[in-house]
Amino acid sequence: MISLKRERDVDLDDDDDDDNEANVPVKMVRGRAVEDRRSRHCPYLDTINRSVLDFDFEKLCSISLSHINVYACLICGKYFQGRGLKSHAYTHSVQFTHHVFLNLHTLKFYCLPDNYEIIDSSLEDITYVLKPTFTKQHISGLDKQGKLYRAYDGTTYLPGIVGLNNIKANDYANVVLQAFSNVPPLRNYFLEEENYKGIRRPPGDIMFLLVQRFGELMRKLWNPRNFKAHVSPHEMLQAVVLCSKKNFQITKQGDAVDFMSWFLNALHGALGGNKKKSSIVTKAFQGSMRIFSKKLPPPDLPPEEKEALLVTQEYQEQMSESTFLFLTLDLPTAPLYKDEKEQLIIPQVPLFNILSKFNGSTEKEYKTYKENFLKRFQLTKLPPYLIFCIKRFTKNNFFIEKNPTIVNFPITNVDLREYLTEEAQITEKNTTYNLVANVVHDGKPTEGAYRIHVLHHGTGKWYEMQDLQVIDILPQMITLSEAYIQIWKRQESGNTNNHTEV
C-alpha cells in the first residue's frame, strides 16, 4: 500500500522533496537505498533535438499556463507542468513517446514515464544554455579577444554582437539593451549574479524582476556556447511591460530615449540606489552640472514694467547643482529650402555646435505653462560613460515632427574640457571620449525603425545590428546616419585607443 506521502510525491511532483539530495538517483531494494543504474544508461538520449530547444521564452506550461514546476521536453521543446502520474509532462511522454525532460528550475533531467533522474555529462551543454555562468577570469578577458564561436546550428558569432528578435514592435527597446550590453562595467556587473543576488527589496516589490531579467539577458548575449547566434528578449520585455505598468509594450512602437531614461532610473532604484546611494548605473553614467536660471517677465508687459521687474529678487539669476544620467543635445531648426532638383536638402551640424549648450554662456529660453526662463548650463563632473540624446522629435498638439539634421562627429578623441567649470577643469584629469555605441532612428516619427552601431572592444571593429541582422560596418559610415542616442567612453590618461578600458 502506498502511503499518502509517497502519493503526493508521485502526483504533485514537488521537487523540493526529492530524496536524492546527493544528486544520485536512488531506489529502494529490500529496504536499502541503492543507485538507480538507469540514470547513467538512459536509452533515449539520442532522441534529444537541440535544434528545437529555446529557453528564451517565459517558463510557462503550454497547457496550464502555470509557471510552477515546469519541465521542458527535450525532443519537441515544449514546456509542461509536473512529472507525476496525472501531470501534463507525464501525459505528453506517453502520448508522443517523448522521454527526456528538463526541470527548468532545478536543472535536473528526467526520463518519463519511468520517472528516474538522468545523470550524463553530455547534457551539460543544455543546462549551460539555460543558465550560463561566468567566472571572474572569463569576464576579465571578454574585451581582450575577438574569437568567433560556432553555435549548434552551425552559424558563427561574436559573443556580445548578437541579434535580438523583434517580436512585433520592440526594436526601440532592443537597441537600448544592446547598447548597454556593450558598456563593460554594466555588463560585467550583471554577468555575475552574485553582485546583486543579496540585495533586499520590500515584500511584493516587482521592480527587482527587471534586474534579474536584465542579468539573464546579458548572460545569454555573451554566452560563448549558444545553440543559435541570436537571442529573444521575450522574458526581459515581459518584465519591462509589467514593471512600467504597460507604458512600454512589445506590440506598440515606443521611443528609445523615453525607454532608456525609464530603464536607467528603474534599474538604479531596483538595485537599492537613490539620490544619496549609488548603484552600478550611477557609477557608470552619472555626471553633474550647474544650471543658471533667470525668470523672464511676461512678453506682453510695457517696457517700463519689464525693467522694474528685472531688478527685483524674483528675476535675478539663480544657480543650482544637478546630476544627470544623459545629456540632451538640441538640433537647430531644419531649413526647408529645396535645391534645383526639387529635393529637400538634409542639413548638417557639427557635434561641437550642439554641445555649446553646455559651455556656461549659451542661453536658451524654456517655456512652462505660466512662466518663461532663460537657462544656461555648465558641466562640473564627467562620468566614465557619457550618454548623448540628440533631440530629433518635437511634439505639438496635432502630430510629432522629426528633424532629419545629420550630426557630424569624430568617432574618437572628443575632448569636453571646455564645457567644464574652471574648478572642474583642474580636478578632471581625463576629458576625452571615444564612441562605443550609436543608436539610429530611420524613417517617419511614428512608423520608423531603429538600428544600432556598436564597437566590439576585443576586435576594435564596428558592427551594425538591426533586430536579428548583424553586419560589420566601416566607421566612416556611422557618421552618415541620423544618430539618436550615443554612448561615449572616457579614455584612460595617455591612451587614445578607441577600445580602451575604464
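This is a short talk on the aromatic rings in this structure, which is a predicted model.

I will start with the count. There are 22 aromatic pairs in the structure. Take Phe259 and Trp262 as one of them: the ring centres are 6.3 Å apart and the planes meet at 35 degrees, so this pair is tilted. A pair counts as stacked under 30 degrees and as edge-to-face over 60, and 35 falls under neither heading, so tilted is what remains.

Where do these two residues sit in the chain? Phe259 and Trp262 are in helix 10, which covers residues 256-270. They are three residues apart there, and so about one helical turn separates them.

Now stay with Phe259 and turn to another partner, Phe263. The centres of these two rings lie 5.6 Å apart, with 25 degrees between the planes, so Phe259 and Phe263 are stacked. Phe263 is in helix 10 as well, four residues from Phe259, again about one turn of the helix.

Are Phe259 and Phe263 buried or exposed? Both are buried. For Phe259 the relative accessible area is 0%, and the cut-off for buried is under 20%, which is why Phe259 gets that label.

These residues belong to a wider group. Phe259, Trp262 and Phe263 are part of one aromatic cluster, whose members also include Tyr172, Phe180, Tyr189, Phe190 and Phe285.

Last, two rings that have a charge over them. At Tyr110, the charged end of Arg83 sits over the ring, 3.8 Å from the ring centre. At Trp222, the charged end of Arg187 is placed over the ring, and here the distance to the centre is 4.5 Å.

Notes:
Residues numbered from 1 in each chain as written. Predicted model: local features only at pLDDT ≥ 70, side-chain atom pairs only at ≥ 80, totals over all residues. Heavy atoms only, no water. Phe/Tyr/Trp six-rings, centres within 6.5 Å; stacked < 30°, edge-to-face > 60°. Helix = DSSP H or I, 4+ residues; strand = E, 2+ residues; numbered from the N terminus. Buried < 20%, exposed > 50% of the residue type's maximum accessible area, 1.4 Å probe, protein only. Lys NZ or Arg CZ within 6 Å of the ring centre and 35° of its normal.
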